[in-house]
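Open the model in your viewer and keep the sequence panel beside it. This tour goes from one selection to the next.

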Amino acid sequence: MKPPEPEYEEIIVEEPLPPHPGEYYTVYPDGIKYANYEICKDNLCFADNGADKTCWYEWTAVGLYARKYIEERTGNDNIALVGVREGGEVIWKMAAVRQFRCAIPVCAAGFKTSAGKLKFEKPVSAPLKAARPEAKEAERHGKEKKGARAEEEESHMNYNFIAGVDSQAYAPNVMCPVLMLCSVNDPRFDYDRAYDTYLRINPDYIQESGLSYAMNSNSFIDKESIADMYIFLRKFLMGHHVFQPRMVAVDIDVGRQQELLARVMADQEGVVKKFRVYYAEDTVNPVLRTWINAEPIKGGAKNEYSLNVYEGAKTVFVIAAAEYTNGYTSWSNVTVKTISGRFRNMLHRSPLIYSSLLQNDGFISVGLEKKAIGGIILEEGVSAAPENIELDGIKGIYAPDGMMTYRISKPRYAPDDKSILSLDINTVNDANIYITITDLKTHEDYVFTDYLTGGLWQSLKLSACTFKCGRKPLNSFCREAVLTIRAEGLYAVNNIMWL
């Protein structure tokens with residue numbers, strides 16, 4: 001979606017100064033030197049001396065001063081907030097102190113002291129059994145609130161920070177509608193907890209607030225979320241009359257034919273142009289989740305989608321979206337269900353990681369930071385998905401700076417100790433290729449490199465020991481890891497699988 005011609009001015013309070021991304025416009029004096037990012041970056045989740053002696057307090061003060069500057073310069077208090085990552089955490093605090101038209105935190109939802117604690121590591125519900133034709137989920141809002149509060153009560157990291165600084169503590173006091181833009185597969189942001197913060201938003205504004213997810217976007221915000229942001233700004237900042245639907249509801253259930261399905265419920269006051277439903281299996285770490293597009297159930301209701309999980313799956317995750325005719329996309333929360341038994345639409349585990357029959361499903365382009373505003377918002381025309389191209393009559397995928405997938409960590413596609421990685425690749429010209437297995441626990445990169453003759457498709461068969469970190473060979477593909485493929489010049493990759 002092309003951004004509308006701006007009807008407002010923008011002021012950037014804090015931004016990295018190129019070409020030195022670690023430097024910022026604001027330099028804090030010695031008396032509050034703890035607010036300088038280079039000093040506080042390793043202690044962002046502590047408030048040992050009180051909330052008013054943290055960088056967050058000073059950053060919020062700078063933001064509020066910027067508001068005062070705008071008001072005095074223009075005589076206008078028609079102001080909205082947009083903040084990215086740490087900046088997003090700051091605007092939660094600003095919106096709880098002063099009245100703004102709206103606030104849009106990007107990949108910022110608090111729960112910073114919960115980093116590394118997986119929300120869904122423990123079972124979240126009684127198992128949904130294939131033999132049971134109908135099952136009702138527990139009341140969603142109450143359960144989410146109770147679980148989040150219990151987790152805070154169990155936290156021993158920093159009560160001062162949770163109560164005085166973390167954004168979920170400010171959500172009940174915000175004085176404007178909030179649109180939360182969330183990216184999945186983001187190591188710096190736990191989107192599983194975004195809905196917990198959303199539920200805490202001031203009851204006077206929660207009905208006008210919303211969530212938006214950028215799916216399979218590798219830490220970036222995509223054009224669909226940006227479209228929602230502009231619609232949100234048109235409504236609350238510019239005062240346009242815009243229909244904003246309520247959040248989508250999702251029910252994971254068993255169908256009449258014993259199939260596992262997701263039933264999507266949208267706002268009946270609007271006209272839905274299309275639904276999108278995504279599901280994932282058994283991956284409690286949100287960074288590693290690969291979301292699969294669910295297809296409508298043939299012959300079923302138009303809001304029922306088939307969840308074709310693999311045999312042996314224990315947990316299913318679902319996110320759903322409803323795109324309305326006015327261009328706004330409303331989303332559900334991350335809905336989770338424990339399952340057991342065999343469903344009619346279950347699939348066998350697959351050694352096939354990618355083929356051209358799957359389009360570009362499962363892979364994400366890398367190196368997009370230089371094409372993203374603030375390192376996170378993709379510019380117009382830039383997609384996180386690799387391109388589908390054809391070389392010598394055979395289709396494959398291509399990304400200029402390489403492509404990556406988390407699929408090799410998924411139970412559905414997981415290798416065994418004897419697996420060999422096979423792939424077909426075509427480089428238009430003679431070129432170096434680089435295939436990397438990144439261990440997500442040790443952060444070690446195991447790399448295979450080769451120089452290929454261009455102009456023809458070639459099959460590579462690679463054992464684990466051909467990948468090396470320095471001189472150390474990889475002993476097995478069985479680990480939480482990311483697969484990255486890159487080649488010089490134009491190339492295409494197809495038929496990636498385990499043998």
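Select Tyr191, Tyr213, Tyr278 and Trp331: these residues form one aromatic cluster. The model is predicted, so keep that in mind at each stop. Across the whole structure, a search finds 13 aromatic pairs.

**Two edge-to-face pairs**

Go to tyrosine 398 and tyrosine 491. Their ring centres are 5.0 Å apart, and the planes meet at 75°, so this pair is edge-to-face. Which strands hold the two rings? Tyrosine 398 is in strand E22 (residues 394-398), and tyrosine 491 is in strand E31 (residues 491-498). The contact therefore ties together parts that are 93 residues apart in sequence. Add a surface and check the cover. Tyrosine 398 is buried, at 13% relative accessibility. Tyrosine 491 is buried too, at 0%.

Next, select phenylalanine 467 and phenylalanine 477. Here the ring centres lie 5.7 Å apart with the planes at 80°, so this pair is also edge-to-face. Both residues sit in loops. Phenylalanine 467 is in the loop between strand E27 (457-462) and strand E28 (468-469). Phenylalanine 477 is in the loop between strand E29 (472-473) and strand E30 (481-487). The two are 10 residues apart. Are these rings buried or exposed? Phenylalanine 467 is buried, with 0% relative accessibility. Phenylalanine 477 is buried as well, with a relative accessible area of 3%.

**Along strand E31**

Return to tyrosine 491 and colour the whole of strand E31, residues 491-498. How many of its 8 residues are buried? The count is 6, and E31 is described as mostly covered.

Now bring up the strands that pair with E31. Strand E24 (residues 421-427) runs antiparallel to E31, joined to it by 6 bridges. To find the register, select aspartate 424: its bridge partner in E31 is asparagine 494. Strand E17 (residues 352-354) is also antiparallel to E31, with 2 bridges. On that side, tyrosine 354 has isoleucine 496 as its bridge partner in E31.

**Charges over rings**

Select arginine 486 and tyrosine 434. The charged end of the arginine sits over the tyrosine ring, 4.3 Å from the ring centre. Then select arginine 479 and tyrosine 446. Again the charged end sits over the ring, this time 5.9 Å from the centre.

**A parallel pair and its crossover**

Move to strand E4, residues 103-106. In a regular strand, side chains alternate between the two faces of the sheet. Which residues of E4 lie on each side? Ala103 and Pro105 are on one side, Ile104 and Val106 on the other, and all are buried. Both faces of E4 are thus covered.

Add strand E3, residues 81-84. E3 and E4 pair in the parallel sense over 4 bridges. Valine 84 stands opposite valine 106 in E4. Trace the chain from E3 through helix H3 (residues 86-97) to E4: this β-α-β crossover is right-handed.

**Salt bridges**

How many salt bridges does the model hold? The count comes to 20. Visit a few of them.

Select arginine 246 and aspartate 267: they form a salt bridge, with the closest N and O atoms 3.4 Å apart. Arginine 246 lies in the loop between helix H7 (223-236) and strand E8 (249-254). Aspartate 267 lies in the loop between strand E9 (260-265) and strand E10 (272-281), so the pair ties together parts that are 21 residues apart in sequence. The two ends sit in contrasting surroundings. Arginine 246 is partly exposed, at 42%, whereas aspartate 267 is buried, at 4%.

Now select Asp251, Asp253, Arg263 and Glu304: salt bridges link these four in a network.

Go on to lysine 41 and glutamate 38. Their side chains meet in a salt bridge at 3.2 Å, N to O. Lysine 41 is partly exposed, at 37% relative accessibility. Glutamate 38 is partly exposed too, at 45%.

For the last stop, select lysine 53 and aspartate 52. This salt bridge measures 3.6 Å from N to O. Lysine 53 is partly exposed, with a relative accessible area of 46%, and aspartate 52 is partly exposed at 37%.

Key. Residues are numbered from 1 along each chain as its sequence is written. This is a predicted model: local features need pLDDT of at least 70, side-chain atom pairs count only at pLDDT 80 or more; totals for chains, interfaces and linings use all residues. Side-chain values use heavy atoms; hydrogens and water are left out. Buried means under 20% relative accessible area, exposed over 50%, partly exposed in between (1.4 Å probe, protein chains only). Two strands pair if DSSP finds at least two bridges between them. A crossover is right-handed if, with the strands pointing away from the viewer, the path from the first strand over the helix to the second runs clockwise. Rings of Phe, Tyr and Trp (its six-membered ring) pair if their centres lie within 6.5 Å; planes under 30 degrees apart count as stacked, over 60 as edge-to-face and the rest as tilted. A charge sits over a ring if NZ of Lys or CZ of Arg is within 6 Å of the ring centre and within 35 degrees of the ring normal.
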